[in-house]
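Here are my notes on the model you sent over. I've gone from the overall outline down to single side chains, so keep the viewer open while you read.

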Amino acid sequence: MCDPTTMVIMTIASSAMTYMQAQQAADAQTSQNAAIAKNAEEAYDQDMDILQRRGEEEKRASVQADQDVIRDARQKEATQIVGAGESGVSGISVNAILDEVAFQEGTVTSRNLGQTKNVLHRLHDDKTKAYSTMVARHNALSPVAQPSFLGTALEVGTSLNSTIDFGGSFDNSNWKFRTA
């Protein structure tokens, strides 16, 4: 068995090493958490870019569909007017035909608008889901247990005090092991 002074030195050195290892582990966990958080935010940003682009594509497609419907309706109106003129039909009958073309145009335009709104609502839901996923990734990060220098010092002191009788002196020649 070693003398009390050697025991004190070994206990302090061992505790210092344990503290340093705990600090290194905490630093590694902090770095890992930072990398995971960064990846979560980058994934969220990518999702937002994709969803934004899809929204713009849907809006363009909706405008193009509306323009196609209007063009088709104008062609049908022109065809009906020419056909009515060639056959000698006029007045209320022509107005009824044109009203029917306008009604069909409105029906198709309204349906297209409803579909576009539904798609944009789904895209908004996807954005909300992407945000929730990012938040969940952040919330799933492991907490970092930082070592406490004061706690380590108290452990060393308690351990040494229970093992060694310091005899109320800093003079290590008066130190001796406690007996059970």
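1. Start with the radius of gyration: this predicted model comes out at 40 Å, whereas a compact globule of 180 residues would be near 16 Å. The box tells a matching story, since the C-alpha atoms fill roughly 130 × 20 × 20 Å along the principal axes.

2. On secondary structure, you'll find three helices and two strands. Going along the sequence, the order is α-α-α-β-β.

3. Now the surface and the inside. About 12700 Å² is exposed, and carbon and sulfur atoms supply 57% of that area. Buried residues account for 17% of the 180 in the protein. If you take the contacts between residues at least 6 apart in sequence, 79% of them join residues at least 24 apart.

4. Helix 2 deserves a look of its own. It covers residues 92-139, which is 48 residues, and runs 69 Å from its first C-alpha to its last. At 1.5 Å a residue you would expect 70 Å, so to speak on paper, and the model is close to that.

5. What do the buried residues of helix 2 pack against? Their partner is helix 1, residues 4-87. The buried set in helix 2 includes Val94, Val101, Val119, Leu123, Ala130 and Met134. Glu105, Asn112 and Thr116 are buried there as well.

6. Next, the charged pairs. As a reminder, side chains of opposite charge can pair when their charged atoms come close. The structure has five salt bridges, and I'll go through some of them here.

7. One of them joins Asp126 and Arg54, with 3.7 Å from N to O. Because Asp126 sits in helix 2 and Arg54 in helix 1, this pair ties together parts that lie 72 residues apart in sequence. Asp126 is partly exposed, at 29% relative accessible area, and Arg54 is also partly exposed, at 37%.

8. Arg74 and Glu77 form another salt bridge, at 3.5 Å from N to O. Both residues lie in helix 1, three residues apart, or about one turn of the helix. Why does that spacing suit a pair? An α-helix has 3.6 residues a turn, so residues three or four places apart point the same way. Arg74 is partly exposed at 42% relative accessibility, and Glu77 is partly exposed at 21%.

9. Arg74 also meets Glu105 in a salt bridge, at 3.2 Å from N to O. Glu105 belongs to helix 2 and Arg74 to helix 1, so the pair ties together parts 31 residues apart in sequence. Is Glu105 buried or exposed? With a relative accessibility of 15%, Glu105 counts as buried, because the cut-off for buried is under 20%. Put the two bridges together and you get a network linking Arg74, Glu77 and Glu105.

10. Last, a residue in helix 3 (residues 149-163), namely Thr152. Thr152 has 18% relative accessibility and counts as buried. Which residues does Thr152 contact, leaving aside its neighbours within four places in sequence? Those contacts are Ser15 and Tyr19.

Terms used
Residues are numbered from 1 along each chain as its sequence is written. This is a predicted model: local features need pLDDT of at least 70, side-chain atom pairs count only at pLDDT 80 or more; totals for chains, interfaces and linings use all residues. Side-chain values use heavy atoms; hydrogens and water are left out. Helices (H or I, at least four residues) and strands (E, at least two) are DSSP runs, numbered from the N terminus. The expected span of a helix is 1.5 Å times one less than its number of residues. Buried means under 20% relative accessible area, exposed over 50%, partly exposed in between (1.4 Å probe, protein chains only). Contact means heavy atoms within 4.5 Å. A salt bridge is a side-chain nitrogen of Lys or Arg within 4 Å of a carboxyl oxygen of Asp or Glu. The radius of gyration is taken over C-alpha atoms; the globule rule is 2.2 Å times the number of residues to the power 0.38. Accessible areas come from the Shrake-Rupley method with a 1.4 Å probe; for residues, only the protein chains shown count as cover.
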